[in-house]
Amino acid sequence: MADYTQRRIMMVDTQVRPSDVTEFPIIDAMLDVPRELFVPQALREAAYSGEHLPIDNRRVILDPRTLAKMLDALDVTPSDLSLDLGPAMGYSSAILARLSQAVVAVEPVAAYVTEAEAALSEAGIDNVAVNAGELHEGAPEYAPFDVIIIQGGIEMLPQAIADQLAENGRICCLFMEDALGTARIGRKVDGRIHWRYAFNASAPVLPGFERARAFTL
């Protein structure tokens, strides 16, 4: 039987800490949350690898380093209401639940919604609401959010998502330009999101977050 506890420790010590993620709440959450519960059964042996885990067409579970650095840059606080877009089977929501007051997760694949709810329950996490829905629509009925994180690449941020960010709220996105990507943190001030560079990372662009292509003959 795999020693997942030891693998979690190794993941944190070799992937997370060396990436300048030193916030104790993030470290503690990643040491405690059983990542193997939140990946497809066939990928459990790879649950603690340092690579994105492909789950279906154009979707991945972000690698631990990238997720940790995104959360670190967001500076999540215990009073925050967080929106997690595209968590698949819920690992990112489980980590975010340890950092914030409550999490609303939006996942378009119905089977993943069911599996996320089961995994969160098994892990004893009860402050996440998993909703089936289109990622680019968000969860306006729960808005505004103090924190928004998107679990994949984007080329543009839909206005519907920007509108759901609270004043002084923070959002982290992986902006993709062809194969190159940068994680940026946005903060809403006076109704506008102001962006700053956080770190380099890449992920497949999520459906609904593509830039409109110019039509040419």
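A charge counts as sitting over a ring if NZ of Lys or CZ of Arg is within 6 Å of the ring centre and within 35 degrees of the ring normal. Lys69 fits the bill, lying over the face of Phe199 at 5.1 Å from the ring centre. Likewise, the charged end of Arg184 sits over the ring of Phe175, 4.7 Å from its centre. The model is a predicted one, with local features needing pLDDT of at least 70 and side-chain atom pairs counting only at pLDDT 80 or more, while totals for chains, interfaces and linings use all residues. Residues are numbered from 1 along each chain as its sequence is written, and side-chain values use heavy atoms, with hydrogens and water left out.

On to ring pairs. Three aromatic pairs turn up in the structure (Phe, Tyr or Trp rings, the six-membered one for Trp, with centres within 6.5 Å; stacked under 30 degrees between planes, edge-to-face over 60, tilted for the rest). Tyr4 and Tyr48 make a tilted pair, 6.2 Å centre to centre with 40 degrees between the planes. This pair links distant parts of the chain, 44 residues apart: Tyr4 belongs to helix α1 (residues 4-16), and Tyr48 to the loop between α2 (24-32) and β1 (53-56). Helices (H or I, at least four residues) and strands (E, at least two) are DSSP runs, numbered from the N terminus. Tyr4 and Tyr48 are both buried (under 20% relative accessible area, 1.4 Å probe, protein chains only).

Gln15 is also part of helix α1, and it counts as buried because its relative accessibility is 14%. A polar atom of the Gln15 side chain lies 2.8 Å from the backbone oxygen of Tyr48. Beyond its neighbours within four places in sequence, Gln15 is in contact (heavy atoms within 4.5 Å) with Met10, Tyr48, Ser49, Gly50, Pro64 and Arg65.

How values were computed. Buried means under 20% relative accessible area, exposed over 50%, partly exposed in between (1.4 Å probe, protein chains only). A polar contact is a pair of N or O atoms within 3.5 Å; within protein, one must be able to donate a hydrogen and the other to accept it, and residues adjacent in sequence count only if both atoms are side-chain atoms.
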